[in-house]
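Hello,

Here is the structure we talked about. Please open it first, then read my notes below.

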Amino acid sequence: MVKHTATSVVTIERFIIEEERNHPEATGELSGILYDLALAAKMIANKVRSAGLADILGSAESENVQGEVQQQLDVLANEIIIKAMDHGGRLCAMASEEEPDIIQIPENFKCGKYCLLFDPLDGSSNIDVNVPVGTIFSVVRKITRGRHGEMEDILQPGRRQVAAGYVIYGSSTMMVYTTGQGAHGFTLDPSIGEFLLSHPNIRIPETGRYLSVNDSYEELWDDNVRTIMRKYKGLDGTSKALSTRYVGSLVADFHRNLLGGGIFAYPANRKTPRGKLRLLYEANPLAFIVEQAGGAASDGAQRVLDVLPTELHQRTPLFIGSKHEVELAKRVLGGAPELVGA
Ligand code: AHG
Ligand code: MN
Ligand code: MN
């Protein structure tokens, strides 16, 4: 593979083409999906950056299938992605956090051999207070016969992903993706409207600096989880204390830990016995990225990418980031079934 140094100016489109060259059998369809996602990301970034001016803050007075109040930007980002992706002829179906069921490709458009799953806007509760939000996506290959995608195509374990990534709308807009050949970061240069390679071959430090967890659920955790958190905080007298950093946007917390080293933990608790985060379009894509960067992702009992999905919007406990801290969670939790994705 062509080795890039951050000094060479490489657009995401050029990088995708060069990656494709490593697969002689590639038809270019997956590359086309990644281009179109980069375009959708620019369009969403544009809306997020000026949301405060265009009166698109606040709730959309509607709820999604999870019973969560949708923000106007959730709905807008969802529509932008669907409209950018539904006519390219590379997808046979889509699935979104904001849609109850599979999104079929309209009859007048060609169908392809991939499915796209996505969280159009992650961290919605932060939109109105100008804290970074993101988009998360996952691509799997169609496994059923016939033209249109079916639930069986969508409900595949994360290890079957062919591509995954996220966009973070932060102090700069960055897109990070993998096709299984490493994890690479691209920063949007707004003056030319191009994503430029800025973080080739991202590697997450073996042990973390940061702990991202919402401590307000402490009372609802079981003892095993409390034990892990005490270790992460250096309160057990043997471990190094991690600094707590919790933004409340998974993408923002994950991205900081990916670059600086750390663990994001959203354990199961008595209120959410299967965890809060969604397996198919939050945990799986970020798990693919973090493993490609040398990290790990577990639900406490098993590797996230090995979890066999049964429902479109199923939730999972999540421990993701530096390998050392994830291993610790797995050792202490030891697969306690009642609290890890039972
Ligand atoms: P989304 O906005 O897509 O619903 O995701 C919100 C998620 C995730 O971004 C974040 O890590 C988590 O919710 C925060 O949950 P708590 O507020 O319970 O900590
Ligand atoms: Mn989310
Ligand atoms: Mn969301």
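**Where the two domains meet**

About 2,900 Å² is buried between domain 1 and domain 2, and carbon and sulfur atoms give 64% of that area. Keep in mind that this is a predicted model. On the domain 1 side, three residues stand out: Leu155, Arg159 and Tyr166. Together they supply 20% of the area that domain 1 buries against domain 2, more than any other three residues.

Here is how the chain is divided. The domain assignment gives domain 1 as 12-199 and domain 2 as 210-333. Their C-alpha centres lie 23 Å apart. In the interface, 50 residues of domain 1 are in contact with 33 residues of domain 2.

**Polar links and the domain 1 side**

The rule finds two salt bridges across the interface of domain 1 and domain 2. Separately, look at Arg278. It forms a salt bridge with Glu97, and the closest N and O atoms are 2.7 Å apart. Between the two domains, 16 residue pairs are in polar contact, with both residues at pLDDT 80 or more.

Which elements supply at least two residues each to the side of domain 1 that touches domain 2? They are strand 3 (91-96), strand 5 (114-122), strand 6 (133-141), helix 4 (151-154), strand 7 (161-169) and strand 8 (173-178). Strand 7 gives the most, with eight residues. By class, this side of domain 1 has 25 nonpolar, 18 polar and seven charged residues.

**The two manganese ions**

Now go to the metals. Asp119 (OD), Asp122 (OD) and Glu282 (OE) coordinate the manganese ion (ligand 2), at 1.9 to 2.1 Å. Along the chain, these donors follow the spacing D-x2-D-x159-E. Asp122 is in strand 5 and Glu282 is in helix 7 (residues 279-292). This pair links distant parts of the chain, 160 residues apart.

The manganese ion (ligand 3) has its own protein donors. They are Glu97 (OE), Asp119 (OD) and Leu121 (O), lying 2.0 to 2.2 Å from the ion. Their spacing along the chain is E-x21-D-x1-L. Why does the pair Glu97 and Asp119 tie together parts that are 22 residues apart in sequence? Because Glu97 lies in the loop between strand 3 and strand 4 (103-104), while Asp119 lies in strand 5.

Which residue coordinates both manganese ions, ligand 2 and ligand 3? It is Asp119, and the two ions are 3.7 Å apart. Glu97 is worth a second look too: Glu97 is a donor to ligand 3 and forms the salt bridge with Arg278.

Best wishes

Technical notes: Residues numbered from 1 in each chain as written. Chains lettered and ligands numbered in written order. Predicted model: local features only at pLDDT ≥ 70, side-chain atom pairs only at ≥ 80, totals over all residues. Heavy atoms only, no water. Domains from an automatic or database assignment. Contact = heavy atoms within 4.5 Å. Buried area = accessible area lost by both parts, 1.4 Å probe. Salt bridge = Lys/Arg side-chain N within 4 Å of Asp/Glu carboxyl O. Polar contact = N/O pair within 3.5 Å; in protein donor to acceptor, adjacent residues only side chain to side chain. Helix = DSSP H or I, 4+ residues; strand = E, 2+ residues; numbered from the N terminus. Nonpolar A, V, L, I, M, F, W, Y, C, P; charged D, E, K, R; others polar. Donors = N, O, S within 2.8 Å, 3.2 Å for Na, K, Ca; no water.
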